[in-house]
Amino acid sequence: WIGIFSFIVVSQCYEYFTAWGYLGVCGGLALPLILQPILYPRASAPSVNGKVIVNPDIQRPFHQRYSTKATLYLITYSFIGNYWYTHYFYSVLNAKYSMP
């Protein structure tokens, strides 16, 4: 993601982005993390130092997997942080932000 945003900044593509463009870039970067519990529930290597490790997430239903719970936690925490704390930053602290 750092490389993609570096390219966007260096090439100044951001000047032509709309809200849908930003959603496409950020959503595209977040999509593998959201789909990981569905497509690849095994979060670790099957063997470490020659010992076979059985990952319990493979055998659990989708809603009980640790990767699903972690993804939902991050989505919830991100929404609260972006919605509530942005309002707090601008309204309560009376901050101002502008781009040239």
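In this predicted model, helix 3 is followed by N94, whose phi is positive, near 60°. The helix itself covers residues 66-92. It comprises 27 residues. From first C-alpha to last it reaches 36 Å, close to the 39 Å expected at 1.5 Å a residue.

Three residues of helix 3, S67, T68 and T71, are buried. The cover over the buried residues of this helix includes helix 2 (19-39). T68, a helix 3 residue, has a relative accessibility of 6% and therefore counts as buried. Apart from residues up to four places away in sequence, T68 touches P37 and F62. T71 also has its place in helix 3. Its relative accessible area is 15%, and T71 is therefore buried, the cut-off being under 20%. With residues up to four places away again left out, T71 touches L33, I34 and P37. P37 thus appears in the contacts of both T68 and T71. An α-helix has 3.6 residues a turn, so residues three or four places apart point the same way. T68 and T71 are both among the buried residues of helix 3.

Helix 3 also carries I80. At 41% relative accessibility, I80 counts as partly exposed, because the value lies between the 20% limit for buried and the 50% limit for exposed. I80 belongs to a nonpolar surface patch of about 1100 Å². The other contributors are F79, Y83, W84, Y85, Y88, F89, Y90, V92 and L93. For the chain, the exposed area is about 8600 Å². Carbon and sulfur atoms supply 69% of that area.

Helix 1 (residues 2-11) is hardly covered. Among its 10 residues, the count of buried residues is 1. Just after helix 1 comes Q12, with a positive phi of about 60°. Q12 takes this phi although it is not a glycine. The residue is found in the loop between helix 1 and helix 2. Its relative accessibility is 40%, so Q12 counts as partly exposed. A positive phi near 60° likewise marks N94, after helix 3.

The chain as a whole contains 3 helices and 2 strands. Along the sequence, these follow the pattern α-α-β-β-α. Of the 100 residues in the chain, buried residues make up 10%. Contacts between residues at least 6 apart in sequence were also examined. Of these, 35% join residues at least 24 apart.

Confidence varies along the model. The mean pLDDT of the chain is 81. A value of 70 or more is reached by 87% of the residues. Confidence is highest in helix 1, at a mean of 92. It is lowest in strand 1 (residues 47-48), at a mean of 67. Where pLDDT is low, the predicted coordinates should not be read in detail.

Technical notes. Residues are numbered from 1 along each chain as its sequence is written. This is a predicted model: local features need pLDDT of at least 70, side-chain atom pairs count only at pLDDT 80 or more; totals for chains, interfaces and linings use all residues. Side-chain values use heavy atoms; hydrogens and water are left out. Patches are made of residues with over 30% relative accessible area and no salt bridge: like charges are joined within 9 Å, nonpolar side chains (Val, Leu, Ile, Met, Phe, Trp, Tyr) within 5 Å. Accessible areas come from the Shrake-Rupley method with a 1.4 Å probe; for residues, only the protein chains shown count as cover. A salt bridge is a side-chain nitrogen of Lys or Arg within 4 Å of a carboxyl oxygen of Asp or Glu. Helices (H or I, at least four residues) and strands (E, at least two) are DSSP runs, numbered from the N terminus. Buried means under 20% relative accessible area, exposed over 50%, partly exposed in between (1.4 Å probe, protein chains only). pLDDT is the predictor's confidence in each residue, from 0 to 100. Contact means heavy atoms within 4.5 Å. The expected span of a helix is 1.5 Å times one less than its number of residues.
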